[in-house]
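Visitor: I should like to go through this model with you, one question at a time. May we begin with the terms and then turn to the structure?

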Amino acid sequence: MLNFPKWKVLMILAVVFLGILTSVPNFLSEEQRASLPDYMPSKALSLGLDLRGGVYILFEAKTEDVVKARLTKLADEVRAVRSAERGLSFRRIKTNNNSVVFDVANDDMIELAKQKLRPLTQAQIGTSPLGGGVQEVTMENNGASFRLTLTEQGVIAQQRDAIARSIEVIRKRVDPEGVKEITLKPQGNNRIILEVPGADDPKAIIDLVGKTAKLSFHDVATNISATDIEAGRIRSNQKILPMKDGGSIVVFEREIVAGDDLTNAAPAFDDRGQPAVSFAFNTSGSKRFAKHTQDNIGRPFAIVLDDLVISAPRIVSPILGGSGQITNMGDITAAQELATLLKSGALPVKLQVERQKTVGADIGADGVAAGKLASMIGFIAVIVYMVVSYGRFGLAANVALITNLILIMGALSLFQATLTLPGIAGIVLTIGMAVDANVLVFERIREEQTMGKNPFQSMEQGYGQAFSTIIDANITTFIAAAVLYLLGSGPVQGFAVTLAVGILTSMFTAIVLTRFILSLWLKRARPARLPI
């Protein structure tokens, strides 16, 4: 256990060197960081809203659109019932307030209509306070007149569901890597609060959130002249859309494949080395796209993004793989932004900015000063204690402790995880855990030496016996950090991230680095008795 092959030595040195390299930008000014060469890490720690301020935005969701969309869908479901049952005919199907109203054409079919429409009233949505879903639609009839009405509980459940989905879309757009520790929470039934630490441009965030990014694929109408397009003479199931490269094109409204069928989107490069976006469909979307391309070889199809035709390629051969590329993206930044928007999906409701402000770090400044002072006092006290208690072994533990701090700083800087006040608490807790691990090892070594073992045996046994205990303790803490990250938000996630990173680095420094340092000393000095 005290022998380190060359590859292990190289790995240890590489990890320490990488930690130092990635933490260096934190000690440089902004101008110095900007002048670093491209191959050098230049990202400093990203401080949270409580430490350096940020952007606060309050969105109001137009949830009435959700109700309109549900009513339209309900009317379509009524028409589907009519089409599925031979002889059953509904007249004057229309929406009125929160209802869909219509008449049964033949009085003999009223009972049959009740029977066929009843399944529409059995749909449930959301979760009631007592568990289970709530009834979404009720049915009334007066003779041949029918009324299907969205219940108040159903409308509220629809609105809450739209808000929840909007929050997830906003999170994926603003913080796709999940490291900025943004705060997103609903306020009432139709508002969303967004806080982005470290940001100073609310307009850029609002623009990013407000983009629709609805991708769809449509068949192209090819038998329409430019004169007809200019005059707007098209069929009711067609629409004229502008093309990205200029001009207009007529497409069929029915989608071949919709953005909902996308499973992945990522920036890429096309055959000419130009920026592009690669995408992939789910199984259902792949089948529909494959069938359409098989049946329409030689015809063009339109790739439409937010009612703008990005491209209209001609089908040369069936596309069976369920994937493709959007080319002509301009630059890689545009490709990355589009990929992020497509992966996050379209917002289920329109959002309107009700309030926006840039938050200062006045409160955080006091917290940072107090945190720095407390950390310095605690850090120095721990260093002195380790030297007094364990002598030369304490010095090795202190080297590992300082290295641990550098590694934490480097990892947080590299992944741009936002540091908040709770995050600082997580780091301090990690320092304590790293020292605990060293204390545990050193006490085992003392015990082995007291039992008469020689220095090499004491070191071997000490590390060996403490290893499983340290691993168990850190795994359980890591699980707790993972749960905090998954279930928490904002500062809680910040605490979880720094704690998890600190656990990994402290295990490396406490188990690997101190053992490496002490083994080098032991082989060189070969003492008769360990000074511990």
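Guide: Contact means heavy atoms within 4.5 Å. Helices (H or I, at least four residues) and strands (E, at least two) are DSSP runs, numbered from the N terminus. This is a predicted model, in which local features need pLDDT of at least 70 and side-chain atom pairs count only at pLDDT 80 or more, while totals for chains, interfaces and linings use all residues. Residues are numbered from 1 along each chain as its sequence is written, and side-chain values use heavy atoms, with hydrogens and water left out.

Visitor: Which residues of helix 7 meet helix 6?

Guide: Helix 6 covers residues 152–174 and helix 7 residues 202–210. From helix 6, the residues involved are I170, R173 and V174. Their partners in helix 7 are I205, L208, V209 and G210.

Visitor: How are helix 6 and helix 7 oriented to each other?

Guide: Axes are lines fitted to C-alpha atoms, for helices over the stretch in contact, and angles run from 0 to 180 degrees between N-to-C directions. The two axes come within 9 Å and cross at roughly 125°. Angles under 35 degrees count as roughly parallel, over 145 as roughly antiparallel, 65 to 115 as roughly perpendicular and the rest as oblique. Helix 6 and helix 7 are therefore oblique.

Visitor: Is the crossing of helix 1 and helix 12 left-handed or right-handed?

Guide: The axis of helix 1 (residues 6–23) comes within 7 Å of that of helix 12, at a crossing angle of roughly 60°. Helix 1 is therefore oblique to helix 12. A crossing is left-handed if the near helix is turned anticlockwise from the far one by less than a right angle, and right-handed if clockwise. Helix 1 passes helix 12 in a crossing that is left-handed.

Visitor: Which helix gives the most to the largest nonpolar core?

Guide: A nonpolar core is a set of buried (under 20% relative accessible area, 1.4 Å probe, protein chains only) Ala, Val, Leu, Ile, Met, Phe, Trp, Tyr and Cys residues joined through side-chain atoms within 4.5 Å. The largest has 42 residues, and F393, L412, F442, I445, M459 and L530 have the most contacts inside it. Two or more residues come from each of helix 11 (362–390), helix 12 (392–414), helix 13, helix 14 (455–487) and helix 15 (491–525). The most, eleven residues, come from helix 15.

Visitor: What span does helix 13 reach from its first C-alpha to its last?

Guide: Helix 13 runs over residues 421–450, 30 in number. The expected span of a helix is 1.5 Å times one less than its number of residues. For helix 13 that expectation is 44 Å, and the model comes close to it, reaching 44 Å.

Visitor: Is N97 buried or exposed?

Guide: N97 lies in the loop between strand 3 (90–96) and strand 4 (99–104). Its phi is near 55°, a positive value in a residue other than glycine. With a relative accessible area of 69%, above the 50% limit, N97 is exposed.

Visitor: What is the phi of R526?

Guide: R526 is found in the segment after helix 15. At 59% relative accessibility, R526 counts as exposed. Most residues other than glycine have a negative phi. R526 has a positive value, near 45°.

Visitor: How far apart in space are D201 and V55?

Guide: D201 is placed in the loop between strand 10 (191–197) and helix 7. The two residues are 146 residues apart in sequence. From C-alpha to C-alpha, the distance between D201 and V55 is 7.4 Å.
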